[in-house]
Amino acid sequence: MMSEMVTEILAFILTTSGWVLISSTIPTDYWKVSSLDGTVITTATYWSNLWKACVTDSTGVSNCKDFPSMLALDGYIQACRGLMIAAVCLGFFGAVFALVGMKCTKIGGSDQSKARMACFAGVNFIFSGLCSLSACSLYAHRITSEFFDPMFVAQKYELGVALFIGWAGSILCVLGGGIFCFSVVDSSTRSSSHTGYSYGGPASTSHVSSHPRGNAQPMSQRPPPKYSSSSRAQHFDKNAYV
């Protein structure tokens, strides 16, 4: 019991940390940063995220421009937005169900219902991690494909800090969700093995009665033993000689 509680607490810490990292990835500025490859003098640094594109000059002053229209954006940016928002929502619901389903909490009903909620929370966290992992990987794929394309003559970018934060949060969510699911499966397997065991020891022979239950006669009310005439004669014959 204690080991299961420790496992669930560890899974909750992992998943909550991963969800916080995923949530902090969305507003982070540096999803992609301009590459310095082949440049000798850097006069400005270009960087961008899911919501705006900015430029920072050599004096440290930044000028940003929000994306004017959502429908006019590239498809991969729209897909990354949707996946990251879905990851945050799934992680939030996973945290709520995990708090209700953990054995160290006093809410959630019976052990069976709490186990179902914990398993559902683990599934939510796994999907949250997969959504964030897909979004970050899609964005990184676009950056690397443009960087290694010899025909691409525009500004080339490199992977930003936000992508690594998103990947780290995704891994934590997937690991914690898997621990949640496996802990529930392990506990259900143990409970079924305990309930299926039955003791098959020998029956007690201390009391054997031929009377039906409820009609057994006590020792003081039992009739005296009956002797046959021949045994009674032999008994008196022995006493006669005395």
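Cys 54 is buried, with a relative accessible area of 4%. In this predicted model, Cys 54 is bonded to Cys 64 through a disulfide, with the sulfur atoms 2.0 Å apart. The structure holds one disulfide. Cys 54 belongs to strand E3 and Cys 64 to strand E4 (residues 62–66), so the link ties together parts that are ten residues apart in sequence. The angle about the S-S bond is 115 degrees, and the link is right-handed. Unlike the buried Cys 54, Cys 64 counts as partly exposed, at 43% relative accessibility.

Other cysteines are found outside this link. The sulfur of Cys 136 has its closest cysteine sulfur in Cys 80, at 7.6 Å, which is too far for a bond. Cys 136 is buried, with a relative accessible area of 0%. Cys 181 is in no disulfide either, and the nearest cysteine sulfur, that of Cys 119, lies 4.4 Å away. A disulfide requires the two sulfur atoms to be within 2.5 Å. Cys 181 is buried, with a relative accessible area of 16%.

The chain as a whole gives the setting for these residues. Its secondary structure comes to five helices and five strands. Along the sequence, the pattern reads α-β-β-β-β-α-α-β-α-α. The chain has 242 residues, of which 28% count as buried. Among the contacts with a separation of 6 or more, 65% are between residues 24 or more positions apart.

The strand that carries Cys 54 is also part of a pairing arrangement. E2 and E3 run antiparallel and are joined by five bridges. These two strands form a hairpin with three residues between them. Within this pairing, Trp 47 stands opposite Cys 54 in E3. On the other side of the arrangement, two bridges join E1 to strand E2 (residues 44–48), and these strands also run antiparallel. Here Trp 47 in E2 is the bridge partner of Val 33. Trp 47 is thus a partner of Val 33 and stands opposite Cys 54, the residue that carries the disulfide to Cys 64.

Strand E3 takes part in a further link, this time through charged side chains. Asp 29 forms a salt bridge with Lys 52, with the closest N and O atoms 3.9 Å apart. Asp 29 lies in the loop between helix H1 (2–25) and strand E1 (32–34), and Lys 52 lies in strand E3 (residues 52–57), so the pair ties together parts that are 23 residues apart in sequence. Asp 29 is partly exposed, with a relative accessible area of 27%, and Lys 52 is also partly exposed, at 23%.

How many salt bridges are there in the structure? The count comes to two. The other pair is Arg 142 and Glu 146, whose side chains meet at 2.9 Å, N to O. Both residues lie in helix H3 (residues 111–147), four residues apart, about one turn of the helix. Arg 142 is partly exposed, with a relative accessible area of 31%, whereas Glu 146 is buried, at 17%.

Helix H3 also matters for the account of the nonpolar residues. The largest nonpolar core has 31 residues, and those touching the most other members are Trp 31, Leu 50, Met 84, Tyr 139, Leu 163 and Phe 180. The elements that give two or more residues to this core are H1, helix H2 (75–101), H3 and helix H4 (161–195). Of these, H3 gives the most, with nine residues.

Met 84 shows how one of these core residues is placed. Leaving aside neighbours within four places in sequence, Met 84 is in contact with Ile 22, Thr 25, Ile 26, Trp 31, Leu 50, Ser 132 and Ala 135. Two of these partners, Trp 31 and Leu 50, are listed with Met 84 among the core residues that touch the most other members.

The record adds an annotation to the helical part of the chain. UniProt, in an unreviewed entry, places the feature "transmembrane region" at residues 76–100, 121–141 and 161–185. In the model, residues 76–100 are 100% helix and 0% strand, with the end C-alpha atoms 36 Å apart. Residues 161–185 are likewise 100% helix and 0% strand, and their end C-alpha atoms are 37 Å apart.

Note on methods. Residues are numbered from 1 along each chain as its sequence is written. This is a predicted model: local features need pLDDT of at least 70, side-chain atom pairs count only at pLDDT 80 or more; totals for chains, interfaces and linings use all residues. Side-chain values use heavy atoms; hydrogens and water are left out. UniProt positions are given in the numbering used here, feature names are shortened, and annotations may be inferred rather than shown by experiment. A salt bridge is a side-chain nitrogen of Lys or Arg within 4 Å of a carboxyl oxygen of Asp or Glu. Buried means under 20% relative accessible area, exposed over 50%, partly exposed in between (1.4 Å probe, protein chains only). Two strands pair if DSSP finds at least two bridges between them. A nonpolar core is a set of buried Ala, Val, Leu, Ile, Met, Phe, Trp, Tyr and Cys residues joined through side-chain atoms within 4.5 Å. Contact means heavy atoms within 4.5 Å.
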